[in-house]
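User: Please take a close look at one part of this model, the interface between its two chains. I should like a connected account of the contacts and of the elements that supply them.

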Amino acid sequence: MFKFSIANIKKGEYVYRPFLPPALVFIILVVLTFTLGKFLLDQILASREAVGALKQENERLEEKKDKLAKISSQELEGFVTTAVLAVPGEDSTLPVLSTVRSLLFGKGLSISDLDVNLTGGSLGKTKTVEMEIAAQGAVMSAFEFIEDVKRAFPLMRISKADIKVSGESVFISFTIFSPWGSLPQELPKVDSSSPDITAADRELLNQLASLNKPLGGGQVVPAEPAGRSNPFEF
Amino acid sequence: MREEKDKQINLVGTDEEVERLLSVQKKARQASYGAIFVYVFLVVVMVLVNFFFFQAKKAEEEENARLKTEVEALRDKEGMLVTIKDRIALAKGVFTASGAFPIELIDDIFALVPQGVSLSALNAKSDKVVLQASSPTSLSFGDFLAAVEQQDFTSVLLNNVSWGAKSGYSFSLDIK
């Protein structure tokens, strides 16, 4: 075999010069591998990753589209109406007061004391209307009222009660709380999965739908002003 | 002078050495051509693969844009779903509130009250009911206590039992 010995190198350019082009080619190829080759490989890997991510996103979107298309708008509107009536999107002090008052009067119970906590309480992240009411009337009416509160819009619960029976009449003092909370203001991202209404949710919605709807769809209509239109006019 | 020329001629080497050198050069040249060919082939393959992925990406992006438009058209339904879920979460808090009035417990207690026993006061808070009742006879008082004890209440505590000739037995029960 040919060897690069000192003796051979001494023979002059004839020995090493013809090896220059192949050596240059190898050097160029190595340099290109680390530049062009790496660039192309990175491009391929990035494109492959992007295609994979897009495919997954498209599957999600397709699934979401099918799911949303299948849901009936009418059914959803019914659910929204029920849910918002049960848990209002704004301070529900007036609707709660209106409902409680009409329930009490409906049962022949008369209010002797009323204390509304306007600042409200909280139930976790939920804001609540809290009111303490003292009333008196017939024993059975008091218990019917307690049952009716469970079935009234907006959703409310008695958290505390003190009942004193005196003959046929009863003195009842109780604390009612009713939740409310601002309605969601933002929609999730287009490519994120949409929420599902589970069987348990449907059951709860049906339970809410079975509550006794208030007159006027839960809206408290302010009374017409009874005073003079211009009090400065004699 | 002659000697100088001989020295120069001798530096060229033998034919065998030159032939061997040329063979090695040829192999190096062939190897470099081969490497260039393989390299170009690989680059072409990579460019084609890149092009394939570029086209696939473009197609998926077009599909993505189409799907997004279609989903956007259904966003009102999604908004309703979000609202419903939000309200359900708030309503669930009421149903599972620990401080809720124990109406079921009261119903259970009322179902146990026998003829003759009358309730005079009831205080209910959270999971506890305190009731005051009176019974004209020990029989109905005993029946009521036996009925309460047979139930699966967490705890039943009898307080303040008193007896009067007119009112009979007056007692207070703490039930959880």
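Analyst: The model is a predicted one, and the account begins with polar contacts. Between chain B and chain A, 20 residue pairs are in polar contact, with both residues of each pair at pLDDT 80 or more. On the side of chain B that touches chain A, the elements giving two or more residues are helix H2 (15-73), helix H3 (75-95), helix H4 (103-112) and strand E1 (118-125) of chain B. Of these, H2(B) provides the largest share, 32 residues. Sorted by class, this side of chain B has 38 nonpolar, eleven polar and 21 charged residues.

The overall extent can be given in two ways. In terms of residues, 70 of chain B are in contact with 83 of chain A. In terms of surface, the size of an interface is often given as the accessible area lost when the parts come together. Here the area buried between chain B and chain A is about 6,900 Å², and carbon and sulfur atoms give 73% of that area.

Charged pairs also occur across the interface of chain B and chain A, where the rule finds five salt bridges. One salt bridge links Lys92(B) to Asp201(A), with 3.4 Å between the closest N and O atoms; this separation falls within the 4 Å cut-off for a salt bridge.

Strand pairing also joins the chains. E1(B) runs antiparallel to strand E3 (residues 157-166) of chain A, and five bridges join the two strands. Within that part of the model, Leu122(B) in E1(B) has Ile163(A) opposite. E1(B) further pairs with strand E2 (residues 128-135) of chain B, again in the antiparallel sense, over seven bridges. In this second pairing Ala124(B) has Val129(B), in E2(B), as its bridge partner. Strand E1(B) thus has E3 of chain A as one partner and E2(B) as another.

On the chain A side, the loop between helix H6 (139-150) and E3 of chain A contains Pro154(A). The peptide bond from Phe153(A) to Pro154(A) is cis, with omega near -15°. As a general matter, most peptide bonds are trans. This cis bond therefore departs from what most peptide bonds show.

Methods: Residues are numbered from 1 along each chain as its sequence is written. Chains are lettered from A and ligands numbered from 1 in the order in which they are written. This is a predicted model: local features need pLDDT of at least 70, side-chain atom pairs count only at pLDDT 80 or more; totals for chains, interfaces and linings use all residues. Side-chain values use heavy atoms; hydrogens and water are left out. Contact means heavy atoms within 4.5 Å. Buried area is the accessible area (1.4 Å probe) that two parts lose on being put together, summed over both. A salt bridge is a side-chain nitrogen of Lys or Arg within 4 Å of a carboxyl oxygen of Asp or Glu. A polar contact is a pair of N or O atoms within 3.5 Å; within protein, one must be able to donate a hydrogen and the other to accept it, and residues adjacent in sequence count only if both atoms are side-chain atoms. Helices (H or I, at least four residues) and strands (E, at least two) are DSSP runs, numbered from the N terminus. Ala, Val, Leu, Ile, Met, Phe, Trp, Tyr, Cys and Pro count as nonpolar, Asp, Glu, Lys and Arg as charged, and the others, Gly among them, as polar. Two strands pair if DSSP finds at least two bridges between them.
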